[in-house]
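The exercises below are to be worked with the sequence and the coordinates side by side. Each one gives a task and then a solution in steps.

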Amino acid sequence: MNDTYSTALFDVVKETSATRGYELPEPIEAYVVMLLTSFVDKPDFLPETFGSALLQLKTSDQAKELGDTCLFVAGVFPSIGERKGLKRRYYQDIGSTSYEMVAGARHPELFNTLATHFNFLSEFIEVTVHSSKHVQSILFR
């Protein structure tokens, strides 16, 4: 992970929290920053189909990866599936379910929180990304 990206994204996440009046728990805030940073240099991250990917999950690592991808897509590209008739809720439901599966295997408090608040977090990420020209220059280069 690039420390420059992490620092910039952390600052923007903090700024979004402050301007919107949100107080994200520190582990959730850190997870959002880590998530955004991890996708900066990851050009081929989309599964062929999200529904099939969910049905084929075998490990908590696969579930975490799918949950992360769904959170990134639902937050950064909320209208990505509209041409195919897929709403943001599709990615939110798959992501939340994936995180629930991870919670059964490791870090239950963190992943249950991510699963429970998935919709809010995807909307928070959308606001964070689209309110900052700096973040857009990092993610959409």
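**Exercise 1.** Which salt bridge do the side chains of Asp61 and Arg106 meet in, and what is its N to O distance? Determine also where the two partners lie and how accessible each of them is.

Solution. The model is a predicted one, and the distances and accessibilities used here are computed from it. First, take the pair itself: the side chains of Asp61 and Arg106 meet in a salt bridge with an N to O distance of 2.8 Å, which falls within the 4 Å cut-off for such a contact. Next, locate the partners: Asp61 belongs to helix 4, while Arg106 sits in the loop between helix 5 and helix 6, so the salt bridge ties together parts that are 45 residues apart in sequence. Finally, check the accessibility: Asp61 has a relative accessible area of 48% and is partly exposed, and Arg106, with 25%, is partly exposed as well.

**Exercise 2.** Is Glu29 buried or exposed, and which partner does its side chain meet in a salt bridge?

Solution. Begin with the accessibility of Glu29, whose relative accessible area is 6%; because buried means under 20%, Glu29 is classed as buried. Then identify the partner, which is Lys14, at 3.1 Å from N to O. The pair links distant parts of the chain, with Glu29 in helix 2 and Lys14 in helix 1, 15 residues apart. Lys14, in turn, counts as partly exposed at 40% relative accessibility.

**Exercise 3.** Where do Arg89 and Asp93 lie, and how many salt bridges does a search of the whole structure find?

Solution. Arg89 forms a salt bridge with Asp93, the closest N and O atoms being 2.8 Å apart. Both residues lie in helix 5, four residues apart, which is about one turn of the helix. Arg89 is partly exposed at 47% relative accessibility, and Asp93 is partly exposed at 37%. A further step finds Arg88, Glu123 and Glu126 joined into one network by salt bridges that share partners. The search of the whole structure gives six salt bridges.

**Exercise 4.** How many residues does the largest nonpolar core have, and which of them have the most contacts inside it?

Solution. The largest nonpolar core has 37 residues, and those with the most contacts inside it are Leu36, Tyr99 and Ile125. Tracing the core back to the helices, one finds at least two residues supplied by each of helices 1, 2, 3, 4, 5, 6 and 7. Helix 4 gives the most, with eight residues.

Technical notes:
Residues numbered from 1 in each chain as written. Predicted model: local features only at pLDDT ≥ 70, side-chain atom pairs only at ≥ 80, totals over all residues. Heavy atoms only, no water. Core = buried A, V, L, I, M, F, W, Y, C linked by side-chain atoms within 4.5 Å. Buried < 20%, exposed > 50% of the residue type's maximum accessible area, 1.4 Å probe, protein only.
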